[in-house]
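Open the model in your viewer and keep the selection tool at hand. We will take one selection at a time.

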Amino acid sequence: MSRKTTAKESEERPKHWVSYPRFLWRSLALATDGSWAFYAWMTGLTAIALVGANAWAGQVSSGMGVTGMSDHVSWGLYIANFTFAVGLAAGGVMMVIPAYLYHDDEMHDVVIVGELLAIAALIVSLGFVVADLGRPDRFWHLLPGIGRFNWPISMLTWDVVVLNGYLLLNLHICGYLLYMRFLGRKPNPKWYVPFVFLSVIWAISVHTVTAFLYSGLGGRPFWNSALLAPRFLASAFVTGPAFIVLALQVVRRTTSFRVPEGPIQTLLKIMRVTVLVNLFMAGAEVFTEFYTGSSHVAAARYLYIGLHGKTALVPWIWTGLAFNVFAAIVLHTPKLVAKRPLLNLALVLVFSGVWIEKGMGLIIPGFVPSTMHELVEYYPTLTEWKVTAGLWAVGMMVFTIALKVALPIFGGEVGAGERSWKRDDAPDSDPEPAPAE
Amino acid sequence: MSALNRRRLLKGAGATLGALAFAKAIEPVFEFTANLSGDEFLQKHYRELSPDDLRTVLARLEAETKEKYGADVTIRDIRPQDGVQFGYALNLSTCIGCRRCAEACHVENNHDRKTHQSYIRVFEMQQGSFDMEQGDATYDHPVPQPGRYYMPVQCQQCDNPPCTKVCPVEATWKEKDGIVVVDYNWCIGCRYCEAACPYHARRFNWEAPEISAEEINPNQSYLSNRIRPQGVVEKCTFCLHRTRTGALPACLEACPTGARVFGNLLDPDSEIRWVLENKRVFVLKEELGARPRFFYFFDV
Ligand code: SF4
Ligand code: SF4
């Protein structure tokens, strides 16, 4: 992204061609300097990522027969994780909305965490798409202009557009704000506020389009439901805030960055609503399927109680639901919320619960029973688990490094003149941002 | 050495080590790309190939088949004819479920021998029910069984195909004679089409097909029965290498009961037209609006 500025500005201030490389250089130093704990963490993640890369390479060379997928269940763990990661990326917006739309100043101070999470999660989700391709060497066929991009007919092309667009938007917003803070300058609202508003709409669209990928398929009744997109959003707004609340606490413990309590409370408030909405929609879906009792119920039956003795998903989905219910209870009991370890446990559980419910619990029943009502089950192989772990490790690395660079700059510890950032000219005291067009 | 320098050195060593480990980890990818020719990598979409390009591509594919499978084959590019719209009908009253059509498909289309792949699946259905859930495609007993009827299912060559709509790279499309084809050299293997097809008609090459040189059918075409590469999707093409040159599909010729009727829907004297006009025909899952070109009927 270009970080342009007006000619007048650049006359009186150091030139960007001097200060921007310096910004990058300082960022690199920030990204690679750290405590032993940091090095240990990054080394561990690198090791997992390498195991994943190796498993993926094996899959490319010997074919996708090394996965547990088949012509009956032709998508599996990769697409499940892809869907979940898109939700996580969209969930970051739950910090952006209070910070910019409702001018929550404390949220404004930490909103970058949400935006960086979106970047990391998008990289993970795009990674899962590539991992799922039978012919990653032909990836260029997807490039508009060079390949043949079946837009606007194919929903998958829409997804490629919105995911990459959202990635660029967030890269621009984070990059611009950090660079300005680095220079010790006040960010010009013109250069980021419209993009922030766009990113709010865009966040909704990435997850909606991802839901349309599935709900647009008439031959798969389990997915062919208008409720899919709203459900996706509700669960995204559970996982995003849950992850951020956990991440903020880690930041508070391991860095000198000031994490106020306000944003954490706001996010918990949001989750109190979304976790219930998510459970409500799950309930509505279960009722419609089971009460109607038509042949459409087969997939839901397979998921919740098993079909003709095939029950691979049953323990998973009930575990996922139990996690969601547990979190809902904790979040709605102020006495329990006050117990931080318990609250954190609830956040971890609800995160895993949605991972089950929206990952495997959504993708696999679309294929079991198959379109011709055959029952073939799916079990991911070790290769798939390795690739999956590897991609999440990459995501955690991206997120860690991004935070390591962003927080000292954002907190004013590091800047062009190495002078400390004065809080009172921070952009939270910006004039009213112009409404987006 | 100062602490700063030592730190720099360590960082550099760490980065180098990481890069080396990464190169090692993805080594198998290079084994795969070593078998790919640059021409294959850069090949354009089938519909963008000039006649000259196409000749080169076909020659290259023939040479590759020779190299990898040890067989001399002819791969042609056979275009649809004007005034032809193919249709297929199947008589459920006479089909006995012998699966000879599926076997003929297996042989004709150079399917993978290990998985015994075929584009046709025959379902054994309960008399008095059209519930697919009561159907069974994996039966293993003498046929026909009392109280059962048999329903072979293959690509329905839909007129409103959900599969082509979803393909992100236009690697699959409907030709003007109604046959839905795949450019196996353009497909990226995302399997979205496989999820979209309501008839379980598509197959993915989870591994490179295995087939011995003697068993290979050398009469091949680019869009149909040439040996498919690993990692791409394939499907029934109504044997277009046969039917576009006036022959009948392999599955029809193999059927011992004459249950299968194939022909040009635009030809008023064709048998398929007679069936459509005189029998009570139906299509599978009509409510989905895919508009199949594959019709079923009962005699009585
Ligand atoms: S039956 Fe399936 S593969 Fe064949 S045209 Fe219809 S949707 Fe496509
Ligand atoms: S698997 Fe191939 S033909 Fe099918 S949608 Fe993907 S790219 Fe298109």
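**Stop one: chain A**

Select chain A and colour by burial: of its 437 residues, 57% count as buried. Bear in mind throughout that this is a predicted model.

Now show the accessible surface of chain A. The area comes to about 17,300 Å². Carbon and sulfur atoms hold 70% of that area.

Switch to cartoon. How many helices and strands does chain A have? The count is 15 helices and 0 strands. The radius of gyration of chain A is 23 Å, close to the 22 Å that the globule rule gives for 437 residues, so chain A is as compact as a globular protein of that length.

Next, draw the principal axes on the C-alpha trace. Chain A spans about 75 × 55 × 45 Å along them.

Then turn on contacts within chain A. Take those between residues at least 6 apart in sequence: 77% of them join residues at least 24 apart.

**Stop two: ligand 1**

Select ligand 1 and expand to residues within 4 Å. That shell holds 13 residues. The closest are C155(B), Q156(B), C158(B), C163(B) and C197(B). Colour the shell by class: 9 are nonpolar, 2 polar and 2 charged.

**Stop three: ligand 2**

Move to ligand 2 and repeat the expansion. Which residues surround ligand 2? Pick out C167(B), P168(B), V169(B), A171(B) and T172(B). Add C187(B), I188(B), G189(B), C190(B), R191(B) and C193(B). V233(B) completes the shell. By class, the shell around ligand 2 has 9 nonpolar, 2 polar and 1 charged residues.

Methods: Residues are numbered from 1 along each chain as its sequence is written. Chains are lettered from A and ligands numbered from 1 in the order in which they are written. This is a predicted model: local features need pLDDT of at least 70, side-chain atom pairs count only at pLDDT 80 or more; totals for chains, interfaces and linings use all residues. Side-chain values use heavy atoms; hydrogens and water are left out. Ala, Val, Leu, Ile, Met, Phe, Trp, Tyr, Cys and Pro count as nonpolar, Asp, Glu, Lys and Arg as charged, and the others, Gly among them, as polar. Helices (H or I, at least four residues) and strands (E, at least two) are DSSP runs, numbered from the N terminus. The radius of gyration is taken over C-alpha atoms; the globule rule is 2.2 Å times the number of residues to the power 0.38. Buried means under 20% relative accessible area, exposed over 50%, partly exposed in between (1.4 Å probe, protein chains only). Contact means heavy atoms within 4.5 Å. Accessible areas come from the Shrake-Rupley method with a 1.4 Å probe; for residues, only the protein chains shown count as cover.
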